[in-house]
Structures are given as C-alpha cells and as structure tokens.
Amino acid sequence: MSQHDDDFICVGHILGSQGLKGWVRVFSNTSPRENIVGYGPWLLEQGDELKSVAVSGRLQGKNVVACIEGIEDRTQADALTGCRIFIKPEQLPRLEAGEYYWSDLIGLSVETLQGDPLGEIASMMETGADDVMVLKGERERLIPFVVEHIVREVDLVNRRLVVDWSTEY
C-alpha cells in the first residue's frame, strides 16, 4: 500500500499500450467501467510521485481505452504499464443516504449484532445479484451486502459495519 491510498481513491491501472498513437488500455474499478474516463484529471502513480494528467477515452469492445495528455506514441504508453490511476474523493458524485462507494467500505471492521468480530472488509465483489463483502479475519468470509436484511449499520466515522450474520457461517 502506498502513501497515496489514504488520500486518494484508486480507480484502476494501466494495462498496456493500445495502437501506435499513445493510447492505453485501462483496467477500471468503476461501474460501469467506462466511467473512469469521466473522472479526469487522473493522478497517475509513477514511483512515489503522482502526476496530474488530462484524459479522454471510451469503451472499445470489452476494454476501456484512454488518451492521456502528453503521451503521443506507443513507447511512451508502454512506459505507463502498471501505473495506478487515482482521483480525489471530491471528483466522485455525491451519493444518496444509504448508498456507499466500495472505497468507503474497504477497511471497515465487521461485527455481528451481538458484537462478535467477523473480520475486516478486504475487498468487494460484484456477483450480478448483490455485491459481496470479502472479509479477512481468523478466516475468510463472504457476506452479501444487502442493506437492512444483512447489513444493519454502516458507521463510516468509526470505521465499523454491523451485520445480521452468525459467526458459525
């Protein structure tokens, strides 16, 4: 984890070059995945530095491709392979009450209604039906993120989430 992970939101990374004119293929953590190009400017992580760059792009087949300011050929694009893409939290749209960005949930401690710890949210998965929290603790747990039925309380201030879930599951 880099120093940038607490200050900014990682929305994806560069997979490699696309064509000869400096475009790049992008792995996007956003949903829908093409939204990543609308969150410009990007902050590209290069070593310990973040460089702000203007970006445009589109969905091309199953991939997101982007044109990054100052990148004009394949060699320059190849040099960006693996660079993580960050944005400032204020670049994201405001959410309605009861809605959460995955980046807000990752790292929360999860406990049962009785106060028994289940672990910490390490990541989130999209399954088609419901999003699923991947918890790391004494063992890995997968718990559906279903507000009111399973997820009873989300306390972002105290970094905790309460679920109606048994420690036996």
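## Exercises on a predicted model

P32 is found in the loop that runs between β2 and β3, where helices (H or I, at least four residues) and strands (E, at least two) are DSSP runs numbered from the N terminus. The model is predicted, so local features need pLDDT of at least 70 and side-chain atom pairs count only at pLDDT 80 or more, while totals for chains, interfaces and linings use all residues. Residues are numbered from 1 along each chain as its sequence is written, and side-chain values use heavy atoms, with hydrogens and water left out.

**Exercise 1.** Identify the cis peptide bonds that involve P32 and P41.

*Solution.* Step 1: S31 and P32 are joined by a cis peptide bond, with omega about -5 degrees. Step 2: the bond from G40 to P41 is also cis, and its omega is near 0 degrees. Step 3: P41 lies in the loop between β2 and β3.

**Exercise 2.** Describe the largest nonpolar core and the surroundings of L44.

*Solution.* Step 1: a nonpolar core is a set of buried Ala, Val, Leu, Ile, Met, Phe, Trp, Tyr and Cys residues joined through side-chain atoms within 4.5 Å; buried means under 20% relative accessible area, exposed over 50%, and partly exposed in between (1.4 Å probe, protein chains only). Step 2: the largest core has 22 residues, of which I14, V26, I36, W42, L44, I68 and I85 touch the most other members. Step 3: two or more residues each come from β1 (9-18), β2 (23-28), β3 (42-46), β6 (63-68) and β7 (84-87). Step 4: with residues up to four places away in sequence not counted, L44 touches I14, E49, L50, K51, V53, I68, L80, R84 and I85, contact being heavy atoms within 4.5 Å. Step 5: a second, separate core of 16 residues includes L105, V110, I143 and V151.

**Exercise 3.** Establish the strand order of the open sheet of 6 strands and explain the position of its edges.

*Solution.* Step 1: two strands pair if DSSP finds at least two bridges between them. Step 2: the order is β11-β10-β9-β8-β13-β12, with mixed pairing. Step 3: β11 (141-144) and β12 (151-155) each have a single partner strand, so one side of each is left without a neighbour in the sheet. Step 4: β12 pairs with β13 (residues 160-163) in the antiparallel sense over 4 bridges, and V154 has L161 of β13 as its bridge partner.

**Exercise 4.** Compare the environments of T112 and G115.

*Solution.* Step 1: T112 is found in strand β8, and its 1% relative accessibility makes it buried. Step 2: leaving aside neighbours within four places in sequence, T112 is in contact with L118, V162, V163, W165 and T167. Step 3: G115 lies in the loop between β8 (109-112) and β9 and, at 39% relative accessibility, counts as partly exposed. Step 4: G115 and V163 are 48 residues apart in sequence, yet their C-alpha atoms are 9.4 Å apart in space.

**Exercise 5.** Characterise the positive phi values of E148 and R159.

*Solution.* Step 1: E148, a residue other than glycine, has phi near 80 degrees. Step 2: E148 is placed in the loop between β11 and β12 and counts as exposed at 62% relative accessibility. Step 3: R159, likewise not a glycine, has a positive phi of about 55 degrees. Step 4: R159 belongs to the loop between β12 and β13, and is partly exposed with a relative accessible area of 37%.
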